[in-house]
Amino acid sequence: MCAPGISITDLGLNDFRMDLLNYIKANGELDKLPNGMHAVVPANQSVGLMPGVIFALKNIHDSVNVNQQNRLHPYYLVYVGNDGEIVVDHTQVKRLLDLIRSSCKGRSDPVPDVCRLFNERTEDDARWSNARTF
């Protein structure tokens, strides 16, 4: 979903738009999905998917969009590595969406080994301070 007043086609993201439309066609409208979701995928350094977490956040202060740098405002994507450093910041929306898309595309089932490790490290989602991609 894009911020109000922004069309995903404005961002040159037609591939993502088509993926979303196909998903809705197969699974129904997005308003039935929970507000908080996550996917666990193995790291793939050859495509730039380093161990870490990609967060999708919503800025609750709509008036804050420093230098108009976030094309999805009030929504933000940011990729934080296991070391706490920013891997990809909120200004590189297309790159982040490409990483998310390539890591999940064609996967309909969880990756058991990765999910088991994630659940161990997060104590079954109770301690996100230990969350990582693997």
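## Strands and their pairing

Two strands count as paired if DSSP finds at least two bridges between them. With that in hand, let's look at this predicted model, beginning with a single pair of residues: I54 has Y79, in β2, as its bridge partner. The two strands involved in the wider pairing are β1 and β2, the latter spanning residues 75–81, and they run antiparallel to each other over seven bridges.

## The sheet as a whole

Stepping back, we find an open sheet of three strands, ordered β1-β2-β3, with antiparallel pairing. The edges belong to β1 (52–58) and β3 (86–88); each has a single partner strand, so one side of each lacks a neighbour in the sheet. From one strand to the next, the twist averages 40°.

Which helix packs on the sheet? That is α2, residues 93–104, which touches β1, β2 and β3. The direction of α2 makes about 65° with that of β2.

## Two sides of helix α3

Now for α3, which covers residues 112–122. Here V114, F118 and T122 are buried. Why do these three lie on the same side of α3? They cover an arc of only 50° around the axis, and that puts them on the same side. A general rule helps here: an α-helix has 3.6 residues a turn, so residues three or four places apart point the same way.

Turn to the other side of α3 and you meet P112, D113 and E120, which are exposed. Just after the helix comes E123, with a positive phi near 50°.

Notes. Residues are numbered from 1 along each chain as its sequence is written. This is a predicted model: local features need pLDDT of at least 70, side-chain atom pairs count only at pLDDT 80 or more; totals for chains, interfaces and linings use all residues. Side-chain values use heavy atoms; hydrogens and water are left out. Helices (H or I, at least four residues) and strands (E, at least two) are DSSP runs, numbered from the N terminus. Axes are lines fitted to C-alpha atoms, for helices over the stretch in contact, and angles run from 0 to 180 degrees between N-to-C directions. Contact means heavy atoms within 4.5 Å. Buried means under 20% relative accessible area, exposed over 50%, partly exposed in between (1.4 Å probe, protein chains only). The arc is that of the directions from the helix axis to the C-beta atoms.
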